[in-house]
Amino acid sequence: MEDHPRREECREIPKLVSSFVDTFVDFSVSGGLFLLPNPNPNSNHNPLRTQYPAADRLIAIGDLHGDLEKTRQSLRLAGLVDAADKWIGGSTTVVQIGDVLDRGGEELKILYFIEKLRREAARCGGEIISMNGNHEIMNVEGDFRFVTKEGLEEFKIWADWYSIGREMKSLCDGLEKNPRDLFEGIPHSFNGVKSEFSEGFRARIAALRPSGPISSRFLSRNVTVLVIGDSVFVHGGLLPSHVSYGLDRINDEVRDWIVNGSSQGRRYSPGYCRGRNAVVWLRSFSDESPAKCDCEALEHVLATIPGAKRMIMGHTIQQVGINGVCDDRAIRIDVGMSKGCIDGLPEVLEIKRSEEVRILTSNPVYFKSSTAVVEAEGGIGGRREGLGLLLPENGPKQVEVKA
């Protein structure tokens with residue numbers, strides 16, 4: 001009887017070893033972030049939430065594309081993190097509209113960084129909601145056309161540490177002795193890929209394919225469509241057919257593909273995520289010219305979503321900065337901030353429950369007094385009308401990244 005408590009302690013040793021190894025691997029891969037194991041490991045598989053009530057303060061951040069420093073700058077611009085990258089945003093709700101992946105070399109570090117802030121925000125009553133962009137969908141499908149050399153190297157390093165962690169766990173009694181091979185079913189070489197990049201390709205496939213360790217851990221919690229208060233968020237855009245199909249259904253099916261696709265032999269995403277009219281690829285409301293934006297289709301979509309006043313999207317770079325068309329019913333927030341795009345100055349969108357929409361910008365051209373804020377009224381030097389979100393008639397040309 002006296003040995004019973006000790007036997008119970010011994011049974012916990014494998015769990016402690018596993019947690020220590022996971023924390024060690026995360027610390028090594030994330031650039032020094034100390035993330036304790038998730039106390040609820042099944043939380044990533046909880047039902048996704050598509051609709052939320054209006055937030056007291058909401059910040060929307062556009063495409064990040066592997067640029068960790070611009071990610072930090074955007075968060076600081078919005079008053080969400082301090083100089084030490086600690087969450088100070090209180091109960092703010094943050095929406096990152098997708099495209100963390102590709103074009104840069106710090107994709108994993110951004111995923112880990114957002115995870116750290118997600119936990120800190122939750123303790124303060126805040127929330128960070130991540131979305132799928134076309135580049136998340138492409139990478140889970142194994143389409144690496146826009147991956148950088150640095151991006152391949154980052155995933156190769158991850159695979160090395162992940163494999164070391166598996167080896168360490170296999171030495172502990174009570175843990176799995178022969179874990180499944182991380183690279184099972186992945187070839188050693190690829191047509192058209194230089195041999196020096198093969199290991200990076202293998203690591204990226206292993207991490208991001210459906211049911212992969214990184215896709216399951218990070219991307220499985222992403223939503224593809226989102227409604228908060230009177231704002232609809234989507235990476236590319238929504239058509240009436242998407243709404244009639246069902247927003248909850250879209251989120252559930254994309255998530256199920258990311259989590260279970262490999263076991264079910266589904267390499268490719270659902271059809272509404274593929275092609276020019278897909279929810280993550282659509283550009284019907286993103287052209288630089290308001291005359292080329294399908295405002296009629298937009299009005300139809302918003303009319304079918306109860307209470308919706310505006311659609312907020314990324315995907316198409318707006319060199320002029322965050323702006324709106326169709327009477328500001330379509331707001332475009334991808335400013336190409338990543339060095340892998342046009343190295344644009346960060347801007348974020350702020351929506352408060354009791355106020356109109358406004359732009360928070362780091363562009364000194366838009367400074368008003370001593371603040372980096374473009375107010376909802378007055379616009380920029382008289383060139384922006386309405387809420388200050390309309391494109392100036394003779395403003396800089398929009399740069400469209402072909403991805």
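What span should the 17 residues of helix 3 have at 1.5 Å a residue, and how far apart are its end C-alpha atoms? Helix 3 covers residues 107–123, and at that rise it should span 24 Å. In this predicted model, the end C-alpha atoms of helix 3 sit 25 Å apart, which agrees with the expected value.

Now for the overall picture. The protein chain has ten helices and twelve strands. It runs to 403 residues, and buried residues account for 54% of them. As for contacts in the chain, take those between residues at least 6 apart in sequence: 69% of them join residues at least 24 apart.

Back to helix 3, which is largely enclosed by the rest of the structure, because 13 of its 17 residues are buried. Just after helix 3 comes Gly125, with a positive phi of about 85°. On the other side, the loop between strand 3 (93–96) and helix 3 holds Asp102. Phi of Asp102 is also positive, near 75°, and this residue is not a glycine. Asp102 is buried, its relative accessible area being 0%.

Helix packing comes next. Two packed helices are described by the angle between their axes and the distance between the axes. Helix 3 packs against helix 5 at an angle of about 60°, and the two axes are 8 Å apart. On the helix 3 side, Glu107, Leu108 and Lys109 make the contact, while helix 5 supplies Gly151, Glu154, Phe155 and Trp158. Sorted by class, this contact of helix 3 with helix 5 comes out as three nonpolar, one polar and three charged residues.

Helix 5 (residues 149–170) also meets helix 6 (residues 198–208): their axes come within 8 Å and cross at roughly 70°. Angles from 65 to 115 degrees count as roughly perpendicular, and helix 5 and helix 6 are therefore roughly perpendicular to each other. The crossing of helix 5 past helix 6 is left-handed. From helix 5, the contact takes in Gly151, Leu152, Phe155, Lys156, Trp158 and Ala159; from helix 6 come Glu199, Gly200, Phe201, Ala203, Arg204, Ala207 and Leu208. The residues of this contact of helix 5 with helix 6 split into eight nonpolar, two polar and three charged. Gly151, Phe155 and Trp158 of helix 5 thus turn up in the contact with helix 3 and again in the contact with helix 6.

Val147 ties several of these pieces together. The residue sits in the loop between helix 4 (134–141) and helix 5, and it is buried, with a relative accessible area of 16%. Leaving aside residues up to four places away in sequence, Val147 touches Asp102, Asn139, Leu152 and Arg204. Of these, Asp102 is the residue with the positive phi from the loop before helix 3, and Leu152 and Arg204 belong to the contact between helix 5 and helix 6. Val147 and His65 are 82 residues apart in sequence, yet their C-alpha atoms are 9.9 Å apart in space.

Another aspartate with an unusual sign of phi shows up further along the chain. Asp328 lies in the loop between strand 8 (323–325) and strand 9 (330–332). Its phi is positive, about 60°, although Asp328 is not a glycine. Asp328 is buried too, with a relative accessible area of 7%.

Definitions and conventions:
Residues are numbered from 1 along each chain as its sequence is written. This is a predicted model: local features need pLDDT of at least 70, side-chain atom pairs count only at pLDDT 80 or more; totals for chains, interfaces and linings use all residues. Side-chain values use heavy atoms; hydrogens and water are left out. Helices (H or I, at least four residues) and strands (E, at least two) are DSSP runs, numbered from the N terminus. The expected span of a helix is 1.5 Å times one less than its number of residues. Buried means under 20% relative accessible area, exposed over 50%, partly exposed in between (1.4 Å probe, protein chains only). Axes are lines fitted to C-alpha atoms, for helices over the stretch in contact, and angles run from 0 to 180 degrees between N-to-C directions. Angles under 35 degrees count as roughly parallel, over 145 as roughly antiparallel, 65 to 115 as roughly perpendicular and the rest as oblique. A crossing is left-handed if the near helix is turned anticlockwise from the far one by less than a right angle, and right-handed if clockwise. Contact means heavy atoms within 4.5 Å. Ala, Val, Leu, Ile, Met, Phe, Trp, Tyr, Cys and Pro count as nonpolar, Asp, Glu, Lys and Arg as charged, and the others, Gly among them, as polar.
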